[in-house]
Amino acid sequence: MDKLPTTRSKHLGLTYTPQASTFKLWSPTADKVAVNLYQTGSRKENTLLKSIPMTASKTLWTATIKEDLQGLFYTYAITRGEETVETVDLYAKAVGLNGDRGAIIDLATTDPSGWHLDCPPKELTGKLTDAFIWEVHVADFSSAKNAGIQASHQEKYLAFTEGASHLPDQPDIPTGLAHLKSLGVNYIHLLPAYDFANNELATAYNWGYDPKNYNVPEGRYATDPADPTSRIREFKELVQSLHQAGLGVILDVVYNHTFLTEESWFNLTEPNYFYRQDGAGGFADGSACGNEVASERGMVRKYLVESVLYWAQEYHLDGFRFDLMGLIDVATMNLIRKTLNEHGLQHVLMYGEPWDAGTNEIKAPNLPANKTNLEQLAPGIAVFNDDFRDSMKGFVFEEKDGGFIQGANGRKQKKRQYHDADVEAAILANTDTRRSKKSPLVPIAWAQRPDQTISYVAAHDNLTLWDKLVSSTTKKGQKLKYKRKEKLVLMNKIAAAIQFTSLGGIFIQAGEEFARTKFGDENSFVSPIEVNQLDWSQLVDFSDLTNFYRGMWQIRQAFPALRRSDAQAASAYRFAKDQTENLIAYTISDTTSLGKWSQLAVIVNSGKVEQTVKLRSTTDLPTKWSVIADNQQAGTTELRVLKTKNGKVTISRRSLLILAKEK
């Protein structure tokens, strides 16, 4: 199925004008439905003004009230037999405190000044392989006092509107948005910022993977959560500010499950329809959160497609990250992509987790949107490359296991053993059949093009990269210490050197560039803000690491072959023939007239002894190279000249080199 249900259900939800408000609800099993109008938005306040019966036409319930209702709140009262339940409109675009009542507002009044002129930054190409994505939680970004953000904006959307923040008393060290501009990031990926289940007036921390109202920003991050317009206007100000700074905005969306199941707005609106069932007739739980949304069903598919389109249009978003995308069916994902394209939104990025939480109840002919079915997904839909992540630093679910950057390849691990061949396949975004065949981890080329994959080493889930390095290199019985250690800084740089010279989109966890730590907390979704917040003082202690990430991005921008998105992109890479684990060397050729270099060579020795490697290339190898990255720094400026004979390069233990050949 690749079409939405048509007819009268096209415009569900509330349509407001000063003259009249029309409410439309799809609920085929309802016997009676009424619109409840309230004076206030809090569920705790019994301020019911009146209840207006809705009229049924087949499965559609409608009511039009010919008066100006702006400023009021509403719910639906749905009666089935002897039972009446009250639910928020699934299509609500505004809500009251804690999202327990829909709000009636004029959306045009929420637009910041100049919003009609807001558009994607001209610097963004809309091509995934040109992306440098920085993943962050709204509160993490600005909660620390050393963020230099004014107190009223801390943990709020408006923190992203401050463009000149810096460490207190150190104006030469930018923080917040100023840091991102300095680093070179071009996309901000926000952890869930739609309305999720929580107390919006409390300070309790939550990542936000608890969906409640899909089409409304979360009130916890607004300056006035009780004012329905505050969260909308301030989220738009966030987007506007980032666009003006040249950054795109990506929203993490969680359409695979809801926080509540039986009492969710979905289930109260139409019982058992919005969720899949298991073999026993109960709620399927492929999300490990109590339910899984039945995306393949017509009205659910319609809802998901229209929700994504609404966010893209109303909030000018530049991308969406789909949580547990393996629980959404392929046809729905493809229809979302098609719908965005048909509305002139081809530049909007789409990527997601190509897995579920262990199982799912998607039945044939429907297919889950996972790694196995990547070939079935439309162009413009990408997935996280967990093979890259794990072969680089070790199995993500085993804290002590290491990978290439720890020099642990070929070594027996507790869970999984990795090899250089696994890393080499992942460097090519797992698109090259010949290279993938040599990978013991996944001996198939499961991607067809680099723009189908996200190269990453860490994300909000599991240990931060720094914490993984600490845990995997600390001997049993020794105390874990998260302060600077030179060996670990070098491992972190090695990770960046390989990632930024690999195919696919580039994604890092916020603070990865300055050794972010959560002190070993691998699942901090409800941990205190003190664990989760970015400690901007790390920019002082790890300035060389931050500069290294900045330099690697400059190298990537200067060498187009690293950002190729075509199916033949891997053909520009040539790996050295080497049987030694923890030693990887490859060249990348660029035959275009773009850029300043015709060839790069990347040599990384994460082992404990000096090695000599003979480079191979798709073109002639020079005898003289410009060194543009080493253990200390990276960038587009020549650090020194390295002369070679017959392509041989000797590299010290635990070292990296990136070499460039001028055109």
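**Close-up A: Arginine 654 is partly exposed, with 21% relative accessible area.** Here, buried means under 20% relative accessible area, exposed means over 50%, and partly exposed is in between (1.4 Å probe, protein chains only). This is a predicted model: local features need pLDDT of at least 70, side-chain atom pairs count only at pLDDT 80 or more, and totals for chains, interfaces and linings use all residues. Residues are numbered from 1 along each chain as its sequence is written, and side-chain values use heavy atoms, with hydrogens and water left out. You'll find arginine 654 in the loop between β28 and β29; strands (E, at least two residues) and helices (H or I, at least four) are DSSP runs, numbered from the N terminus. What is the sign of phi at arginine 654? Phi is positive there, about 45 degrees, even though the residue is not a glycine. Most residues other than glycine have a negative phi.

**Close-up B: Arg411, Lys475, Lys608 and Arg653 make up a positive surface patch.** To join a patch, a residue needs over 30% relative accessible area and no salt bridge; like charges are linked within 9 Å, and nonpolar side chains (Val, Leu, Ile, Met, Phe, Trp, Tyr) within 5 Å. The areas come from the Shrake-Rupley method with a 1.4 Å probe, and for residues only the protein chains shown count as cover. Lys and Arg count as positive, Asp and Glu as negative, while His and the chain ends are not counted. Each charge is placed at NZ of Lys, CZ of Arg, CG of Asp or CD of Glu. Patch member arginine 653 sits in the loop between β28 (648–651) and β29 (655–662), where arginine 653 is partly exposed at 44% relative accessible area.

**Close-up C: Aspartate 195 and arginine 231 pair up in a salt bridge, 3.3 Å from N to O.** A salt bridge here is a side-chain nitrogen of Lys or Arg within 4 Å of a carboxyl oxygen of Asp or Glu. Aspartate 195 belongs to strand β14 (residues 194–196) and arginine 231 to helix α3 (residues 228–244), so the pair ties together parts 36 residues apart in sequence. Are the partners buried or exposed? Aspartate 195 is buried, at 0% relative accessible area, and arginine 231 is buried with 0% too. Under the salt-bridge rule, the count for the model comes to 31.

**Close-up D: Another salt bridge links aspartate 451 and arginine 449, at 2.9 Å from N to O.** Aspartate 451 counts as buried at 17% relative accessibility, whereas arginine 449 counts as partly exposed at 33%. Elsewhere, Asp252, Arg321, Asp323 and Glu353 are joined into one network by salt bridges that share partners. Inside that network, arginine 321 meets aspartate 323 at 3.1 Å, N to O. Arginine 321 is buried at 2% relative accessibility, and aspartate 323 is buried at 7%.

**Close-up E: The side chain of arginine 301 makes a polar contact with that of threonine 332 at 2.7 Å.** A polar contact is a pair of N or O atoms within 3.5 Å; within protein, one must be able to donate a hydrogen and the other to accept it, and residues adjacent in sequence count only if both atoms are side-chain atoms. Arginine 301 lies in helix α5 (residues 298–314) and is buried, with a relative accessible area of 1%. Now hop over to helix α9 (residues 433–436), home of arginine 435. The side chain of arginine 435 has a polar contact of 2.8 Å with the side chain of glutamate 424. At 15% relative accessibility, arginine 435 counts as buried.

**Close-up F: Alanine 364 and proline 365 are joined by a cis peptide bond, with omega about 10 degrees.** Most peptide bonds are trans. Look for proline 365 in the loop between β18 (349–352) and β19 (382–384). For another backbone feature, check alanine 515: phi is near 60 degrees, a positive value in a residue other than glycine. Alanine 515 is in the loop between β21 (505–509) and α12 (529–532), and counts as buried at 0% relative accessibility.

**Close-up G: Tyrosine 91 sits in the loop between β8 (83–87) and β9 (102–103).** Tyrosine 91 is buried, with 9% relative accessible area. How many residues along the chain separate tyrosine 91 from leucine 14? They are 77 residues apart, yet their C-alpha atoms are separated by 7.4 Å.
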